[in-house]
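Please look over the sequence and the model shown below before reading the report. The sections that follow it move from a single side chain to the packing around it.

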Amino acid sequence: MTTKKPIRKNKFGNIKCMAGGKVFPSKLERDCFIYLRSKKSILDFDTQVTYFLVDKNESNKRGIRYIADFVVKLSNGVELVIDSKSFVTANLSAFKLKKALFEAKFKKKLHVVFSTKELANLIFKSSKIRNAP
């Protein structure tokens, strides 16, 4: 007789999903991936990009890192760092701290989206920006 391992529920209620041969920790992240893949104004994008916010040292053995859901390169040269979050996870103090550290260290805005509609608006507005040569 075999017993099945009980499925452990995610503490935020996320459901893992697949798209394009990748596993995503939430439906929102999967939907954002599908949307980004379909846009012609996007030159390229990467998923799960790691940024080191605080380096390893004697008192901090592991350092502090932040993993962005998406880094998007638009055809006009604009690069966006995007994180898809629920309202609950976006308001966690750990995320707020990492967001502040990221923006201070890399001098880039970390865009947080709560829906694919917000992502579409962000991409549309950013694609209208002209970068100076």
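The report below describes a predicted model, taking up a lysine, a strand, the nonpolar cores and a pair of helices in turn.

## K108 and its surroundings

K108 lies in the loop that runs between helix 3 (93–106) and strand 6 (110–113). Its relative accessibility is 31%, and because the partly exposed class lies between the buried limit of 20% and the exposed limit of 50%, K108 counts as partly exposed.

Once neighbours within four places in sequence are set aside, the residues in contact with K108 are Y51, E79, V81, F102 and E103. One of these, E79, is joined to K108 by a polar contact of 2.6 Å between the two side chains, although the two residues are 29 residues apart along the chain, with their C-alpha atoms separated by 9.1 Å.

## Strand 6 and its partner

In a regular strand the side chains alternate between the two faces of the sheet. In strand 6, L110 and V112 are on one side while H111 and V113 are on the other, and all of these residues are buried, so that both faces of the strand are covered.

Strand 6 pairs in the parallel sense with strand 5 (residues 79–84), and the pairing extends over 4 bridges. Within this pairing, H111 of strand 6 is the bridge partner of I82.

## Two nonpolar cores

The largest nonpolar core comprises 18 residues, and those having the most contacts inside it are L36, F70, V72, L80, I82, L119 and I123. Two or more residues of this core come from each of helix 1 (27–38), strand 3 (42–54), strand 4 (64–74), strand 5 and helix 4 (116–127), with helix 1 giving the most, namely 4 residues. A second core, separate from this one, has 10 residues, among them L53, V71, F95 and F102.

L119, listed above among the residues with the most contacts inside the largest core, is in contact with C32, Y35, L36, I82 and V113 when neighbours within four places in sequence are left aside.

## Helix 1 against helix 4

Two packed helices are described by the angle between their axes and the distance between the axes. For helix 1 and helix 4, the angle is about 35° and the axes are 9 Å apart, and helix 1 passes helix 4 in a right-handed crossing.

On the side of helix 1, the residues that meet helix 4 are L28, D31, C32, Y35 and L36, whereas helix 4 contributes T116, L119, A120 and I123.

Conventions: Residues are numbered from 1 along each chain as its sequence is written. This is a predicted model: local features need pLDDT of at least 70, side-chain atom pairs count only at pLDDT 80 or more; totals for chains, interfaces and linings use all residues. Side-chain values use heavy atoms; hydrogens and water are left out. Buried means under 20% relative accessible area, exposed over 50%, partly exposed in between (1.4 Å probe, protein chains only). Contact means heavy atoms within 4.5 Å. A polar contact is a pair of N or O atoms within 3.5 Å; within protein, one must be able to donate a hydrogen and the other to accept it, and residues adjacent in sequence count only if both atoms are side-chain atoms. Two strands pair if DSSP finds at least two bridges between them. A nonpolar core is a set of buried Ala, Val, Leu, Ile, Met, Phe, Trp, Tyr and Cys residues joined through side-chain atoms within 4.5 Å. Axes are lines fitted to C-alpha atoms, for helices over the stretch in contact, and angles run from 0 to 180 degrees between N-to-C directions. A crossing is left-handed if the near helix is turned anticlockwise from the far one by less than a right angle, and right-handed if clockwise.
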